[in-house]
Amino acid sequence: MAQTLSSDIYVIIPAYNEANYLPTVLSKVANYTRQIIVVDDGSSDATNQVASAAKYVVTHRLNLGKGAALKTGCELAFNQLNARAVILMDADDQHNPQELESFQLALNQNYELVLGVRDLDVKMPWSKRQGNVMASQLVKVLFGAYIPDIPSGYKALTKKAYQQLDWTATDYGVELEIAVKTVKHQLRFCTVPIQTIYHDLSKGMTVLDTIAMLQQLVRLKLSL
Amino acid sequence: MTIFQILAAIFALSMMYVVSIHGKKKTLSPTEVGFWLSLWTLFIVIALFPNLLMGISQALLFNRVFDLLVVAALMILTILVFASYFRSRESHKRVERLVRQLALDEKKMPRKSLS
């Protein structure tokens, strides 16, 4: 199949113990681009072996968290591979690679950040939906702009946006930090609709992660 | 002597025992062992003879020596928690930098085609 993504756009997939889903994700994404970077975040299962189907694999010897894995992937893409932009995807097959082209389209329209936004009324569990909406409302109250579906990990950013975001969160808090810094630095962003897909409700963000996210919101308000 | 004083002394003696074990295992340096043993000895002395602090307690307008000890203990605990929080955060940052740098140095690049 034709590679529809531009060769200077890299897809970064952080993976932690995702040996079950990663092969499926890689084979689907390969239909759109070969420029795939998998960051194995210290997995203890066969993630590293199955990740070798990707063009680039970087391995954290210890599990650091999603934020750190994304940062490693971005540094490889921007500093060593001269990427123009990156698209961040989760490794648990919750993101539809068919939507990669929507991200590229938005990047070509000179947006610095493109946020994949799910339809919250479809399929999303109630508790996750409440945490999701609350986070967006709090960001609006505290920072003055509404960023929808903050926990969504499907997003694209340019090198300039990456340099401005310069996140420090090493865990799932990275999504919130990106949202807040997008507002603070007034990055030119847009949203693209993405599918809501859940395979394993025990993975991804939990209610406890949402509580931690709220604590982080207060910290960001005090520090930024 | 009250039961509380006896319990405090026993607690301090067990802590001194723990310190000496760490000293033997070399997880604490001789200086650190000396520091902690002196601290726990002081704790025992104050626990058994609280009136030694009566003067300080009255100067700081505490009604009882016990109140002074509780406030002092809370202050020390706060300082220790604060210091260990920053130390662990710094360690975490260093580990993160190291792990990420190693990952980038050892990245797997695509194989070049022979054709």
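How far apart are the mean positions of the positive and negative charges of chain B?

1. Charge layout. In this predicted model, the two mean positions in chain B lie 5 Å apart. They are taken over 14 positive and 6 negative charges.

2. Fold of chain B. Chain B has 4 helices and 0 strands. Along the sequence the pattern reads α-α-α-α. The radius of gyration is 24 Å, whereas the globule rule gives 13 Å for 115 residues, so chain B is more spread out than a compact globule.

3. Dimensions. Along the principal axes, the C-alpha atoms of chain B fill a box of roughly 90 × 35 × 25 Å.

4. Burial and surface. Of the 115 residues in chain B, 18% are buried. The accessible surface of the chain is about 9,200 Å². Carbon and sulfur atoms account for 71% of that surface.

5. Contacts within chain B. Take the contacts between residues at least 6 apart in sequence: 43% of them join residues at least 24 apart.

6. Largest nonpolar core. This core has 42 residues. Those touching the most other members are A:I12, A:I37, A:V86, A:V139, A:L157 and A:W167. In soluble globular proteins, nonpolar side chains tend to be buried together.

7. Surroundings of A:L157. Set aside its neighbours within four places in sequence. A:L157 then contacts A:F78, A:A85, A:V86, A:L88, A:E112, A:L113, A:Y162, A:L165 and A:W167. Two of these partners, A:V86 and A:W167, are also listed with A:L157 among the residues that touch the most other core members.

8. A separate core. Apart from the largest core lies another, of 29 residues. Its members include A:L100, A:A106, A:V114 and A:C190.

How values were computed
Residues are numbered from 1 along each chain as its sequence is written. Chains are lettered from A and ligands numbered from 1 in the order in which they are written. This is a predicted model: local features need pLDDT of at least 70, side-chain atom pairs count only at pLDDT 80 or more; totals for chains, interfaces and linings use all residues. Side-chain values use heavy atoms; hydrogens and water are left out. Helices (H or I, at least four residues) and strands (E, at least two) are DSSP runs, numbered from the N terminus. The radius of gyration is taken over C-alpha atoms; the globule rule is 2.2 Å times the number of residues to the power 0.38. Buried means under 20% relative accessible area, exposed over 50%, partly exposed in between (1.4 Å probe, protein chains only). Contact means heavy atoms within 4.5 Å. Accessible areas come from the Shrake-Rupley method with a 1.4 Å probe; for residues, only the protein chains shown count as cover. Lys and Arg count as positive and Asp and Glu as negative; His and the chain ends are not counted. The place of a charge is taken as NZ of Lys, CZ of Arg, CG of Asp or CD of Glu. A nonpolar core is a set of buried Ala, Val, Leu, Ile, Met, Phe, Trp, Tyr and Cys residues joined through side-chain atoms within 4.5 Å.
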